[in-house]
Amino acid sequence: MSLIKYEIFRTVAETGSLSKAAESLKLTQSAVSHAIAGLEEDFGFTLFIRSRSGTSLTYNGEKMLVHVQEILKSNEQLLQEAAKINGLETGIVRVGTFPSVSIHWIPHIIKLFREDFPLIEIKLYEGNYDDITKWITEGKIDFGFLSLPASKSFDTIPIKQDPLLCLVSAVHPLYESETVHVEQLRHEKFIMPKSSIDNDVRRIFKKYRITPLTQYEIAEDQAIISMVQNHLGISILPEMILYHLPETVRAIPLEGTYYRSIGIAATSFTYMSPSAKKLIAFIQNWITPSENG
């Protein structure tokens, strides 16, 4: 089967639209539709459900996508290895990232990496930790940034310890404190971060056998900051998230060493494309001087 059909299949699955896939691949919509119809005929079952709202994978389509992504990944590795032998640095690297990494690191990394390796293209997939874990497992991305520890089935490299800080509003008694001890939070109304660093925060409370007085569980970081600002409770968030804080909110260090460990994760660092290895090495070299400087 032609690899272009597989590329079309993956792109339609990612975009959820035949027309968007056609635009992305610079093909006509009829060509994309014909390719999907051809695959469905070859496989003997329907891959997509078409509706007015877009195109979504069937159950069988989801199962096939995992294998298609592996085939395309292997083909990309093959082409990159051949280019490497010929003295070229070329290829596509798919990277999973979450918002604070996207804001603080990714623009600088891409800019500098392009200067050294202009023929290597970086494609970004932004989501939360669960999304990135799923994308790594399915082979949708080459590697992703995650909070460690990650799945035991992944290879991981720790690259940054991001301090966890206590957020309080200007009217809170702790506002003028230089540091905050976790015991001081035992009876405080608490806004629990959800689906991002809640495991890191819960580990802190567990250490001191504290059951936080959780008022709200919020996934959006800026919403948590706004709720603290409006005196609805206090919270704990990583330093990298806390840019452009309002003047009426302070981020105070916790006594002790508490942080989220940001790392790079992949199914295997050994069996990945030359371009992906090149980008990981570049990120490690870029992060280390940045952290020390």
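**Exercise 1. The surroundings of D155**

Task: In this predicted model, determine which residues D155 is in contact with, leaving aside its neighbours within four places in sequence.

Solution. Step 1: With those neighbours set aside, D155 contacts I264, A265, A266, T267, S268 and F269. Step 2: Place D155 in the fold; it belongs to strand β6, which spans residues 155–169. Step 3: Consider the separation along the chain. D155 and A266 are 111 residues apart in sequence, yet 5.4 Å separates their C-alpha atoms. Step 4: Look for a polar atom pair. A polar atom of the D155 side chain lies 3.0 Å from the backbone nitrogen of F269. Step 5: Classify the exposure. The relative accessible area of D155 is 30%; buried requires under 20% and exposed requires over 50%, so D155 is partly exposed.

**Exercise 2. The two sides of helix α7**

Task: Identify which residues of helix α7 (residues 129–138) are buried, and explain how they are arranged around the axis.

Solution. Step 1: The buried residues are Y129, I132, W135 and I136. Step 2: These residues span an arc of only 130° around the axis, which means that they share the same side of α7. Step 3: A general property of helices is relevant here: an α-helix has 3.6 residues a turn, so residues three or four places apart point the same way. Step 4: Examine the other side of α7, where D130 and T137 are exposed. Step 5: Find what covers the buried residues of α7; the cover includes strands β3 (91–97), β4 (120–126), β5 (143–148) and β11 (259–266). Step 6: Inspect the two ends. N128 caps the N-terminal end of α7, with a side-chain oxygen 3.0 Å from the backbone nitrogen of D130. After α7 comes G139, whose phi is positive, near 85°.

**Exercise 3. Strand β5 and its partners**

Task: Establish how many residues of β5 are buried, and describe how β5 pairs with β3 and with β11.

Solution. Step 1: In β5, 6 of the 6 residues are buried, so the strand is largely enclosed by the rest of the structure. Step 2: The pairing of β5 with β3 is parallel and has 2 bridges. Within it, G96 stands opposite G144 of β5. Step 3: The pairing of β5 with β11 is antiparallel and has 5 bridges. Here S147 has I262 of β11 as its bridge partner.

**Exercise 4. The nonpolar cores**

Task: State which residues touch the most other members of the largest nonpolar core, and list the contacts of F143, not counting residues up to four places away in sequence.

Solution. Step 1: The largest nonpolar core has 70 residues, and W105, F143 and F145 touch the most other members. Step 2: Beyond four places in sequence, F143 touches V93, R94, V95, G96, I264, A265, A266, M272, A276, L279, I280 and I283. Step 3: A second, separate core has 17 residues, among them F9, L18, A22 and A35.

**Exercise 5. Helix α6**

Task: Decide which residues of helix α6 (residues 106–116) are buried and which exposed residues lie on the face turned away from them.

Solution. Step 1: I106, I109, I110 and F113 are the buried residues. Step 2: Their arc around the axis is only 95°, so they lie on the same side of α6. Step 3: The face turned away from this buried side carries K111 and E115, which are exposed.

Terms used: Residues numbered from 1 in each chain as written. Predicted model: local features only at pLDDT ≥ 70, side-chain atom pairs only at ≥ 80, totals over all residues. Heavy atoms only, no water. Buried < 20%, exposed > 50% of the residue type's maximum accessible area, 1.4 Å probe, protein only. Helix = DSSP H or I, 4+ residues; strand = E, 2+ residues; numbered from the N terminus. Arc of directions from axis to C-beta. Contact = heavy atoms within 4.5 Å. Polar contact = N/O pair within 3.5 Å; in protein donor to acceptor, adjacent residues only side chain to side chain. Pairing = 2+ DSSP bridges. Core = buried A, V, L, I, M, F, W, Y, C linked by side-chain atoms within 4.5 Å.
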